[in-house]
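Colleague: I should be grateful for a close look at the ligand site, with whatever else in the model merits mention afterwards.

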Amino acid sequence: MKLALIGFGTVGQGFVEILRDKSTDLKTRYGFTPQLVAVATRSRGTLLLPDGLDPARLLTAIEAGHLHHYPDAPGLVRDLDVPALIRASGADVLLEAGPTNLQTAQPALDYCYAALDQGMHVVLANKGPVAVAYTDLQARARAAGKRVLFEGTVMAGTPSLRLAQQALAGCTIQAARGILNGTTNYILTQIEGGMSYAEALRQAQALGYAEADPTADVDGWDAAGKALILAAALFDRTFTLADLDVQGIASITGADVAAAQAAGERWKLIAHVTPAGGSVRPQRVPNTHPLAAVGGATNAVTFTTDLLGDVTLVGPGAGRRQTGFALLADVLDLL
Ligand code: HSE
């Protein structure tokens, strides 16, 4: 399977680290021997090598600051623009791990369309195209006889979409409710431990949890984007951000956190979505509630179903390998 990776930041690097570290295991257990034929960054170059790029060398090059540091090799083409790279790659799968734009979804959305037009499957960690253009993407994928998979867009590699769509097939899911943003949950947890808001945010950025622009996290838009994706994937409803009631954690002060603690409660940024609409709001949750125990960058979602009642999934919601793994899981699904 030939892979083209667009976006070589936290998530893309996490995925390539997994390819570097687990290649023997992936080959032995699944017969999976991927060739990473193309890698694109926004400002640090692009590479195309039809015989396959070496994961370890790619990581060394990007750690040195630019893909120019990747050693010369026969057939290596440098610095094509992304549309040309997609056309020339001959890849079976486009992996989109570029930065999320929840308004226009661009440029990632055009890259996804270009890949489908080229007969490639599309796997996304980038939330923008799914949140903004789910119906269109699925229609184009159906027309092309290809698939669009996006496990990494909600709860990183924790299989929230696969649980809802595959394991719960046959149930009607009536609602999804949970903690869908790792950065804000990490910040709230650290503030409870006495850390300042600014330091907690700085750590969340350093740990690779926060979006490129962390206001998307703290103002609730990242969780709202995930609510849009859940509404589309679970209910076939295509809401827009303007349809949701969205509030972030910026208004929560250290004093608010202390007051909640004194009352045996914890602040959590709770996303809620049903076929009728959705919201993202900070809420005080009693310590006895299962969501209260979900700390740090861990996320949780409860699916309310007709046949099973509530089913709750808890797991990593952000992070380098945690989201890189989601790309691997989708690629193995395609395999
Ligand atoms: N910035 C996101 C978060 C990353 O903190 O949850 C995962 O989508």
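Modeller: The account below begins with the ligand and then turns to other parts of the chain. Please bear in mind that this is a predicted model.

The shell around the ligand consists of Lys127, Asn181, Gly182, Thr183, Tyr209, Ala210, Glu211, Asp217, Asp222, Lys226, Gly317 and Ala318. Sorted by class, these residues comprise 5 charged, 4 polar and 3 nonpolar ones. Two helices each contribute at least two residues to the shell, namely helix 8, spanning 182-192, and helix 11, spanning 221-235.

Three polar contacts deserve individual description. For Lys127, a polar side-chain atom is placed 2.7 Å from an oxygen atom of the ligand. The side chain of Thr183 has an N or O atom 2.6 Å from an oxygen atom of the ligand. Asp217, by contrast, addresses a nitrogen atom of the ligand, with a polar side-chain atom at 2.7 Å. On its own, the ligand has 260 Å² of accessible area, and the protein covers 93% of that area. The space that the ligand takes is the largest pocket.

Turning to aromatic contacts, a search of the whole structure yields 2 aromatic pairs. One of these is formed by Tyr134 and Phe150; the arrangement is edge-to-face, with 6.0 Å from centre to centre and 85° between the planes. Tyr134 belongs to helix 6 (residues 127-144), whereas Phe150 is in the loop between strand 7 (148-149) and helix 7 (160-167), so this pair ties together parts that lie 16 residues apart in sequence. Helix 6 begins at residue 127, and Lys127 is also a member of the ligand shell.

Finally, some backbone details concern the loop between strand 5 (93-96) and helix 5 (108-117), where Pro107 is located. The peptide bond that joins Gln106 and Pro107 is cis, with omega at about 0°. Ala105 is placed in the loop between strand 5 and helix 5 as well. The phi angle of Ala105 is near 65°, which is a positive value in a residue other than glycine.

Terms used
Residues are numbered from 1 along each chain as its sequence is written. This is a predicted model: local features need pLDDT of at least 70, side-chain atom pairs count only at pLDDT 80 or more; totals for chains, interfaces and linings use all residues. Side-chain values use heavy atoms; hydrogens and water are left out. A residue is near a molecule or strand if one of its heavy atoms lies within 4 Å of it. A polar contact is a pair of N or O atoms within 3.5 Å; within protein, one must be able to donate a hydrogen and the other to accept it, and residues adjacent in sequence count only if both atoms are side-chain atoms. Accessible areas come from the Shrake-Rupley method with a 1.4 Å probe; for residues, only the protein chains shown count as cover. On a 1 Å grid over the protein atoms alone, a cavity is a set of points where a 1.4 Å probe fits but cannot get out, and a pocket is an open set with protein on both sides within 12 Å along at least five of seven lines; lining residues have an atom within 4 Å of a point. A molecule sits in a cavity or pocket if more than half of its atoms lie within 2 Å of its grid points. Helices (H or I, at least four residues) and strands (E, at least two) are DSSP runs, numbered from the N terminus. Ala, Val, Leu, Ile, Met, Phe, Trp, Tyr, Cys and Pro count as nonpolar, Asp, Glu, Lys and Arg as charged, and the others, Gly among them, as polar. Rings of Phe, Tyr and Trp (its six-membered ring) pair if their centres lie within 6.5 Å; planes under 30 degrees apart count as stacked, over 60 as edge-to-face and the rest as tilted.
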